[in-house]
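Student: I am new to this structure. Please give me a close look at the part around the ligand, and then follow the connections outward from there.

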Amino acid sequence: MVTHSRLWLSGVAGLAALAAAANDAIITSDTYFYGQSPAVYPSPEMTGGAEWAAAYEKAKALVAQMSLEEKVNVTGGVDLGTGCSGSVPPNKRLNFPGMCVSDASNGLRNTDLVNAYPAGIHVGSSWNKDLARRRGAAMGGEFRRKGVNVLLGPVVGPAWRVARGGRNWEAFSADSYLSGSLAAQTIQGVQSEGVQTSLKHYIANEQELNRNPGVDEAQAVSSNIDDKTMHEVYLWPFQDGVRAGTSNIMCSYQRINNSYGCANSKTLNGILKTELGFQGFVMSDWDAQHAGVATALAGMDMVMPSGSKFWGSHLIEAVRNGSVPESRVTDMATRILTAWYQFGQDTKFPKPGIGMPYDVRQPHETVEGRDPQDRSTLLEGAIEGYVLVKNTNETLPLRSPRVISLFGYSARSADSSSPGPGDMLIYLWRYGMTPVGLDSALAGLIKSPGSRLPDIAINGTMMGGGGSGGTTPAVFVSPYDALSVRAAQDDTALYHDFGTPKPAVVGGSEACIVFGNAWAAEGYDRPRLSDNFTDTLVNTVAGQCSKTIVVLHNAGPRLVDGFVDHPNVTAILFSHLPGRESGTSLVKLLYGEASPSGKLSYTVARQESDYGHLLKPDEPAGRFKKFPQSDFTEGVYLDYKYFDKHNVSPRYEFGFGLSYTTFHLANLSIQRVQGGNSGEWPLGAIVPGGPADLFHDIALVAVEVRNTGNVAGAEVPQLYVGIPGGPAKQLRGFDKPFLQPGEVRTVQFRLTRRDLSTWDTAAQKWRLQRGQYAIHVGTSSRDLPLQGTLTI
Ligand code: BGC
């Protein structure tokens, strides 16, 4: 039976009711919250469906031969000592070799001879679907060669609700549409190599603070979301991922409407397995399971890293005593093994975990060698994710200057003898600290007198963030390395001072480059969005050098108002997290061998307070101290939608980025697609992702893009739609043509039924309203010169 609580349906009113209770006695039992997340049972069994049919039949045949114990074994992780983040045990009797599942979405963690790929934020800012797919395929090949069956990524949750969120950088963007498009490409890329993806963290996993229970005896934070916001914002990119065929989804640590992510029958049985018709399996985040029977009945299918605490023998007992029907366990095993067959892992796959063990004295080669294509993907991926936001006085590109001076702690590779903040976290992970233990340790650290959370990686340049998404590449080129090589070619004298907080600039420097960074890692949220140390460094150099170029590696928004108006700060490059080819890509851009083409995938404010209540994580408070609450009262208005609604002008808006050339957009055309269902409601059968016709085209929009400048480059035309009753504009299309000087290309955006619909909470369906839809096309969310109307 499906019940709808007041909170679920009335959204913000329900949240207000919760807040009104805030003066009463401290809540000590979670029975207080019963009903806030509707109960949806039983868990839907997989049905196969067109794309999964053959694999499903094979899995059913295999599972039919299994005893209850054997089925349960497939559902729980074991530690095989392989170095994989988690392992499914083998079944020798049935020739099932088990599976290795490993982190993460920016490259393979915790092993040797692998690459660090541009991180999620970097891919998001490249707005390039083709590159996202190629990056996925390159990572997939690498994971396969190491015997990793499941890549634990990509990340679309967090959705960047909290500007200081510690894990935003692992995800692509603060916009659900952009995030979903790039996640779908990534999934298809990875899975094309026969490696499964685990789209994570489902769902509304927006802050690191109190993400797990156990910190000061509190439960994990609850993300309290109304039904409309859930569908239109948080579910959106997961829906794209299900449609793209992700084999599995990772349920998240925190609670959703006060029910744990991996025990939430509404989000798992209801939304994922019923509404979206998801045919894959649900894997727990590490130690995110807090109950046995409840998680089984709510629709979780696999527990990591260990099955023994709540499942294993307990699940067998639960089946024997009737608490869990055996059919549920059969469905878990069938879903897991269908995915295994679906990607050919029964025939063409290396032994699980074969290349993973990490031993510096005896590096493990990958089983098949490397793919030379990966090099260009790594380099192009790095180049396209930089965003140039300021470039005055003809500062960039550089033209063989005679003298350049370099400054800042972030220009060189980290010194391995002095571990920095990222290394500390990676170290804790590698040596077995559980995520819960890590969170408590960090909480203790935060509270100890005088301690400061790391906000910059002072020990060296940053090519990625920290925690389970951190990577340790075998090969890495730092900005300083690459600049030294280039300077030698040009006979440029390169001076540097990387240590002095207030350095002196050598006279005659034609350009000065200051390197800084903004660090973030899993386990805690960022303490601030800028730091005085780096701002002072920039201002000190700018005081002595008329062309000061600021290169910031940033794991999330980094404010620049501390120096942006200094007349000598003539160029600013958000360099995000480029991965292995950090230095090489930077030199190509600084010297104009490539024109910058990235666009911000999030909003950069002028000051922290401009983000309003979306700046910081919610803290445990008052009556709900033991059950921290995070009320998503802003509804669908995140990032640029929030700035638009509250009339706050950003420093650099979502979608903004400069180039070395210029573009002109013209000839907007808007056309209704004739034929098919044009009614208010989708009528199609449920396929993975939702009703089939939710993805049918309703309108086509086209625009001409012309390179009007002197050098080749790529532009990102962006389409925003004003849906009646919704935010003034929402991204609903983008492309990235690369154009020679003078070249012109027509790009077309397809608007599907979903793109134009809103979630109707009463009908529990997507509704295509009748009315006028504003169409805006341009090159950023605030530079939209082409306007039109679509009538539905
Ligand atoms: C993280 C996941 C990660 C897992 C395995 C968890 O703490 O939240 O993103 O995949 O650990 O390392």
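Tutor: A polar contact here is a pair of N or O atoms within 3.5 Å. The model is a predicted one, and the distances that follow are computed from it.

Start with the ligand. There are 15 residues around the ligand, and those that come nearest are Asp103, Arg167, His201, Tyr253 and Asp285. Three of these can be described by distance. The side chain of Tyr253 has a polar atom 2.6 Å from an oxygen atom of the ligand. Asp285 likewise places a polar side-chain atom 2.6 Å from a ligand oxygen. For His201, an N or O atom of the side chain is 2.7 Å from an oxygen atom of the ligand.

Arg167, one of the nearest residues, leads outward. Through salt bridges that share partners, Arg167 belongs to one network with Glu170, Glu208, Arg211, Asp439 and Glu522. Within this group, the side chains of Glu522 and Arg211 form a salt bridge of 2.8 Å, N to O. Glu522 sits in the loop between S13 and H18, while Arg211 sits in the loop between strand S4 (196–202) and strand S5 (222–224), so that link spans 311 residues of the chain. Glu522 and Arg211 are both buried.

The loop of Glu522 points to the next part, since S13 and H18 flank that loop. An open sheet is made of six strands in the order S10-S15-S14-S13-S11-S12, and their pairing is mixed. Because strand S10 (387–391) and strand S12 (493–497) stand at the edges with a single partner strand each, one side of each has no neighbour in the sheet. From one strand to the next, the twist averages 20°. At the S12 edge, strand S11 (residues 403–407) pairs with S12 in the parallel sense, over five bridges. One of the residues involved is Val403, whose bridge partner in S12 is Ala493.

Two helices lie against this sheet. Helix H17 (residues 479–490) touches S11, S12, strand S13 (511–518) and strand S14 (548–554), and its direction makes about 155° with that of S12. Helix H18 (residues 532–542) lies across S11, S13, S14 and strand S15 (569–574), at about 175° to S13.

H17 also holds a salt bridge of its own. Asp490 and Arg486 are both in helix H17, four residues apart, about one turn of the helix. The closest N and O atoms of this pair are 3.0 Å apart. Arg486 has a relative accessible area of 15% and is buried. Asp490, at 21%, is partly exposed. The cut-off for buried is under 20%, which puts the two residues in separate classes.

These pairs belong to a longer list, as the whole structure has 42 salt bridges. Another one joins the side chains of Arg145 and Asp374, at 3.6 Å from N to O. Arg145 is in helix H6 (residues 129–145) and Asp374 in helix H14 (residues 373–384), so this pair ties together parts 229 residues apart in sequence. Arg145 counts as buried because its relative accessibility is 7%. Asp374 counts as buried as well, because its relative accessibility is 8%.

Note on methods
Residues are numbered from 1 along each chain as its sequence is written. This is a predicted model: local features need pLDDT of at least 70, side-chain atom pairs count only at pLDDT 80 or more; totals for chains, interfaces and linings use all residues. Side-chain values use heavy atoms; hydrogens and water are left out. Two strands pair if DSSP finds at least two bridges between them. Axes are lines fitted to C-alpha atoms, for helices over the stretch in contact, and angles run from 0 to 180 degrees between N-to-C directions. Contact means heavy atoms within 4.5 Å. A salt bridge is a side-chain nitrogen of Lys or Arg within 4 Å of a carboxyl oxygen of Asp or Glu. Buried means under 20% relative accessible area, exposed over 50%, partly exposed in between (1.4 Å probe, protein chains only). A residue is near a molecule or strand if one of its heavy atoms lies within 4 Å of it. A polar contact is a pair of N or O atoms within 3.5 Å; within protein, one must be able to donate a hydrogen and the other to accept it, and residues adjacent in sequence count only if both atoms are side-chain atoms.
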